[in-house]
Amino acid sequence: MRLIQNMSTIAEYPTSECPSGRVIKIAVIGGSGVGKTALVVRFLTRRFIGDYERNAGNLYSRDIQIDNEQVAIQVQDTPGIHVTANGPGCTDHVTRSIQWADAIVLVYSVTDQRSFDLIGPLHQLVARAHADRASVPPVILLANKADLLHVRRVDAQQGPLLASALGCSFYEVSASEDYSQVHGAFHRLCRDLAKQPPASGALPSASSTATSAGSEKRRSPLIPRPKSPNMQDLKRRFKQALSAKVRTVTSV
């Protein structure tokens, strides 16, 4: 597993390190203390770590095999969301993560009714964040901490009913007790995404564009695609720099 950086500057995983050039981006969203970080680390490393520092919104990446193809998985962990009078108290970072992602994992804890009540508004937030697209990205619902039966506050039937109403898949899991449950939920989501063609649209926080011959080039959000006149100007200035014997490094 690789920790790329803080979510404040979401970047694309270098495709040169992934032979297929395919990157799948997942954002994990939910209330505070529901175990989002534990689920992400459990999926990517098989390890369970019970205590974490306050979530700063880290971006993790790892190459995995899906149907004999190597795929780079980026998982954006996000800070916990609190309910306010106006709905979910989401930061711009969380909104950008939702817009950036190919799929969303909504998480609540079976020990926290408020985290469950937050799922509906969060699903609406996802729909609004992708209102300019033809369809909302795939969403799955995870009920975490299923092993804590003695402090359970959300009935076992509430999760499946809500998932059915929202039109998404549902999994009740325990990050601490059962790796196979967590892995199965994330892996099935990744497999479904791998079967889809890469997104052709660009987003402000993380752009991706399709190229010829079925390959995909991904650019940093800080470097927009130049138009032809700009490219010609760059070539002209590059030739001038060479003639002046000045070494430059150009990254496009």
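This passage walks through the cores, ring pairs, charged pairs and unusual backbone spots of a predicted model.

The nonpolar interior is a handy place to start. The largest nonpolar core has 30 residues, and Ile 24, Ile 26, Leu 39, Ile 73, Val 105, Leu 142 and Phe 186 are the ones with the most contacts inside it. Quite a few elements chip in: strand S2 (23-30), H1, S3, S4, strand S7 (103-109), S8 and H6 each supply at least two residues of this core. Helix H6 gives the largest share, with seven residues. Leu 39 shows what the surroundings look like from one residue. Leaving aside residues up to four places away in sequence, Leu 39 touches Val 107, Leu 142, Asn 144, Val 173, Ala 175, Val 182 and Phe 186. Two of the names in that set, Leu 142 and Phe 186, also turn up among the core residues with the most contacts. Another core lies apart from the largest one; this other core has 26 residues, including Leu 59, Leu 118, Val 139 and Leu 162.

Next come the aromatic rings, where the count is two pairs. Phe 43 and Phe 186 make up a stacked pair, with 4.7 Å from centre to centre and 15° between the planes. In sequence these two sit 143 residues apart, Phe 43 in helix H1 and Phe 186 in helix H6, and the pair links these distant parts of the chain. Both partners are tucked away from the surface: Phe 43 is buried, at a relative accessible area of 5%, and Phe 186 is buried too, at 0%. The other pair is Tyr 108 with Phe 116, and it counts as edge-to-face because the planes stand at 75°, with the ring centres 4.9 Å apart. Here again the partners are buried, with a relative accessible area of 1% for Tyr 108 and 9% for Phe 116.

Turning to charge, side chains with opposite charges can pair when their charged atoms come close. A search of the whole structure turns up three salt bridges. In one of them, the side chains of Arg 191 and Asp 67 meet at 3.3 Å, N to O. Arg 191 lies in helix H6 (residues 179-194) and Asp 67 in the loop between S3 and S4, so this pair ties together parts that are 124 residues apart in sequence. Neither partner is fully hidden: Arg 191 is partly exposed at 34% relative accessibility, and Asp 67 is partly exposed at 49%.

Another salt bridge joins Glu 172 and Arg 152, whose side chains meet at 2.8 Å, N to O. Glu 172 belongs to strand S9 (residues 169-172) and Arg 152 to the loop between S8 and H5; they are 20 residues apart, and the pair links distant parts of the chain. Glu 172 counts as partly exposed, at 28% relative accessibility. The remaining bridge is between Asp 112 and Arg 114, with the closest N and O atoms 3.9 Å apart. Arg 114 is exposed, at a relative accessible area of 67%.

What about a charged residue that is buried and has no salt bridge? Asp 77, found in strand S4 (residues 69-77), is such a case. The nearest side chain of opposite charge belongs to Lys 36, and it is 5.5 Å away. That distance leaves Asp 77 without a bridge because a salt bridge requires the nitrogen and oxygen atoms to be within 4 Å. Asp 77 does have a polar partner, though: its side chain makes a polar contact with the side chain of Thr 37, at 2.4 Å.

Finally, the backbone has a couple of spots to look at. Arg 46 has a positive phi of about 75° although it is not a glycine. Arg 46 sits in the loop between helix H1 (36-45) and strand S3 (58-66), and it is exposed, with a relative accessible area of 55%. Lys 145 is also not a glycine, yet has a positive phi of about 70°. Its place is in the loop between strand S8 (139-144) and helix H5 (158-166). Lys 145 is partly exposed, with a relative accessible area of 23%.

How values were computed: Residues are numbered from 1 along each chain as its sequence is written. This is a predicted model: local features need pLDDT of at least 70, side-chain atom pairs count only at pLDDT 80 or more; totals for chains, interfaces and linings use all residues. Side-chain values use heavy atoms; hydrogens and water are left out. Helices (H or I, at least four residues) and strands (E, at least two) are DSSP runs, numbered from the N terminus. Buried means under 20% relative accessible area, exposed over 50%, partly exposed in between (1.4 Å probe, protein chains only). Lys and Arg count as positive and Asp and Glu as negative; His and the chain ends are not counted. A polar contact is a pair of N or O atoms within 3.5 Å; within protein, one must be able to donate a hydrogen and the other to accept it, and residues adjacent in sequence count only if both atoms are side-chain atoms. A nonpolar core is a set of buried Ala, Val, Leu, Ile, Met, Phe, Trp, Tyr and Cys residues joined through side-chain atoms within 4.5 Å. Contact means heavy atoms within 4.5 Å. Rings of Phe, Tyr and Trp (its six-membered ring) pair if their centres lie within 6.5 Å; planes under 30 degrees apart count as stacked, over 60 as edge-to-face and the rest as tilted.
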